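User: I would like to go through this model by its strands, core and rings. Please keep the answers short.

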Amino acid sequence: TYSVGDGGLTQNNFTDALKSKLEGVDDNANNYSLPLSDATTRGGVKIGYTENGKNYPVELDSEQMFVNVPWVDTNTTYSVGDGGLTQKNFTTALKDKLDGITANADVTPTWVPSSDPSYATQSYVGTQISNLVDSAPSTLDTLNELAAALGDDANFSTTVTNSIATKLPLSGGTLTGVLTIPDGASNAPSLRFASHNSGLFATSGKLRFSVDGASRGYIGSAGIFSGGNVYTADTSEFRNYGGTWKATTGLTGNGFQFINSVDGTAMTLSSAGNLDVGNNITLGGTVDGRDVATDGSKLDGIAANANNYSLPAGSSSTRGGFKIGYTENGQNYPVEVSSEQMFVNVPWVDTNTTYSVGDGGLTENNFTDTLKSKLDGIANNANNYSLPLATSSTRGGVKVGYTENGKNYPVELSSEQMFVNVPWVDTNTTYSVGDGGLTQKNFTTTLKNKLDGITANADVTPSWVPSSNPNYLTSSSIAAPLAPASVNVSVVGETIDISFTQSSTSSVDEYLVYSSVDGSDFGLISVISPDDFSSTMSVIDNSFTETGTQAYRVYAKKLGNVSSAATSSTSYTVSSAEPTNMSVVPMNCAFHIQWNPPSSNARFVTAYKVFKHEHASQGSLSRSSATEVYSGMNTNFVYQISGNNNNNYHQFWVETTIA
């Protein structure tokens with residue numbers, strides 16, 4: 001290679017790479033001109049535009065672009081002057097209010113619920129009901145459900161107190177009878193100690209002991225049996241569960257011996273501290289501070305001849321050793337070692353191409369005068385181009401990413417094209433003139449004052465009633481009053497007296513009393529108005545015309561809502577309802593029979609029946625032989641004698657049929 005000296009080449013700095021680079025560079029490459037940005041060209045822009053009408057300049061903040069849009073609320077308002085419209089007081093709110101009012105609306109209701117104490121607001125009633133229920137569960141949020149939960153026992157407190165008095169106190173006491181408890185089981189003993197699952201239970205012929213939920217022994221007719229170790233009274237000998245080992249004391253020198261009762265093997269511990277064992281010893285714990293089990297496990301894990309370590313061969317997944325001595329093969333060169341350090345000797349040679357210089361110029365035609373001139377025209381570090389910041393006088397670059405601040409909105413990009421998103425909303429109100437709109441001279445001061453006095457969305461329907469306003473309650477949405485209490489009925493002569501205690505709900509409008517015979521259809525028999533209210537009220541029922549069970553229902557009524565019924569009943573029977581003042585008057589071939597209604601219970605008579613018996617002998621006349629000749633509600637009857645010469649004796653009986 002050659003380099004350039006005074007007007008010519010010297011060695012070592014003009015490589016093939018540099019030659020290729022020169023060929024790819026345009027003439028005067030340092031004179032870079034940033035193109036103007038447009039819809040198809042990525043380029044630079046300038047700032048400093050002067051606002052013109054609604055065209056606002058792009059400005060910079062920390063090289064980030066934004067546009068300050070100085071918009072203001074230009075809503076137009078109008079006011080009422082004398083006989084016409086002027087500015088500043090016909091606002092959008094007033095316009096909306098007008099839109100919500102029906103044409104020719106009557107906006108002066110003569111009555112509103114708030115002025116009538118008979119109505120409560122829905123929020124008030126809802127609050128009172130919520131306070132009463134107070135988050136009670138759904139199965140206990142009515143008085144009927146509470147009463148049912150108490151077994152409908154009016155003396156529930158006394159019943160519970162009397163029941164508790166029959167129980168044995170937790171603090172203990174004396175039983176006056178035999179205490180019988182269930183047999184229980186090992187995991188659920190009948191007699192159990194408080195802090196442990198241990199106690200006593202029974203099976204056939206055995207009283208068993210349970211410890212920690214398992215049976216450990218029992219007392220039976222043959223003695224005591226154990227499911228665990230059993231010690232003698234002086235602890236000189238014990239046997240473990242199953243009797244495999246026994247231990248005894250009293251050996252010579254106060255030693256201790258464990259004997260296997262199966263194979264007879266023994267372990268002796270002498271008083272001198274010597275341990276004599278004929279078989280293996282299994283230890284759990286430490287010996288002289290060493291953990292025998294852990295250390296033993298560690299020894300078990302060491303292979304025989306463990307000092308003969310074999311270094312594994314290294315691989316992509318295993319750290320290990322390698323061998324040297326590879327024989328060169330083509331372009332695979334062996335790894336060698338020098339002072340235990342590895343290296344590879346690659347026998348490469350310099351194959352660069354060199355060129356020579358002829359008299360006053362170049363040969364081989366590869367570094368021409370044109371290329372030399374091109375190099376002279378390129379500035380140092382020409383590739384390190386720095387895009388200048390755009391100003392009012394310099395075409396340059398800018399940044400995006402400005403954060404909106406007040407009415408300063410960031411410039412954003414879409415497909416490399418800039419835009420500004422101004423989130424303004426057109427709130428201008430426009431009005432039309434003509435049919436259905438405002439005209440001059442018709443929005444007067446009187447109308448404006450009227451609007452000022454009307455609430456937005458006012459209900460202006462002349463036929464408006466509380467049911468059309470959800471903020472007020474009608475009779476259908478107000479809770480029913482509580483029922484009257486303590487209804488009692490009693491028979492007084494031919495009447496029944498119904499008495500009851502007033503409802504605990506205040507301001508009841510009236511009480512309704514209904515009656516029925518034998519539970520059939522109930523009919524209204526009395527309405528008690530507030531003028532006749534008292535703590536206890538009564539009604540006399542003398543309207544019933546049938547005997548049997550007389551049932552009564554009493555309701556409280558408030559604001560159209562009726563309470564549940566308070567009920568009671570009694571039996572009414574009629575012992576006697578005989579006709580009175582009966583007379584029989586003979587007539588020509590006829591008899592006129594007449595009678596009066598019964599002196600009591602006459603309203604229960606559903607029919608009068610006339611029976612007749614005739615016979616030649618007066619002594620032979622009897623009721624049992626009589627036949628019915630009339631049935632009805634008349635109190636007289638003419639019986640026509642059959643035949644013209646009937647000389648028989650005639651006797652008549654009049655009886656009643658009772659409902």
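Analyst: Two strands pair if DSSP finds at least two bridges between them. Helices (H or I, at least four residues) and strands (E, at least two) are DSSP runs, numbered from the N terminus. Residues are numbered from 1 along each chain as its sequence is written. This is a predicted model, where local features need pLDDT of at least 70, side-chain atom pairs count only at pLDDT 80 or more, and totals for chains, interfaces and linings use all residues; side-chain values use heavy atoms, with hydrogens and water left out.

User: What is the bridge partner of histidine 613 in β41?

Analyst: Strand β38 covers residues 605–615. It pairs with β41 in the antiparallel sense over 10 bridges. In β41, histidine 613 is bridged to glutamine 651.

User: Which strands stand at the edges of the open sheet β39-β38-β41?

Analyst: The sheet has 3 strands, with antiparallel pairing. Two of them have a single partner strand each, so one side of each is left without a neighbour in the sheet. These edge strands are β39 (627–632) and β41 (649–658).

User: Which residues touch the most other members of the largest nonpolar core?

Analyst: A nonpolar core is a set of buried Ala, Val, Leu, Ile, Met, Phe, Trp, Tyr and Cys residues joined through side-chain atoms within 4.5 Å. Buried means under 20% relative accessible area, exposed over 50%, partly exposed in between (1.4 Å probe, protein chains only). This core holds 20 residues. The ones touching the most other members are Phe500 and Tyr511.

User: Which ring joins Phe500 and Tyr511 in a cluster?

Analyst: Rings of Phe, Tyr and Trp (its six-membered ring) pair if their centres lie within 6.5 Å; planes under 30 degrees apart count as stacked, over 60 as edge-to-face and the rest as tilted. Ring pairs link Phe500 and Tyr511 with Phe533.

User: Is the pair of phenylalanine 544 and phenylalanine 604 stacked or tilted?

Analyst: The two residues are 60 apart in the chain, each in a loop. Phenylalanine 544 is buried, at 5% relative accessible area, and phenylalanine 604 is buried at 0%. The ring centres are 5.6 Å apart and the planes stand at 50 degrees, so the pair is tilted.

User: What is the angle between the planes of phenylalanine 66 and tyrosine 402?

Analyst: Phenylalanine 66 lies in strand β4 and tyrosine 402 in a loop, 336 residues apart. Both are buried. Their rings are stacked, 4.7 Å centre to centre, with the planes at 20 degrees.
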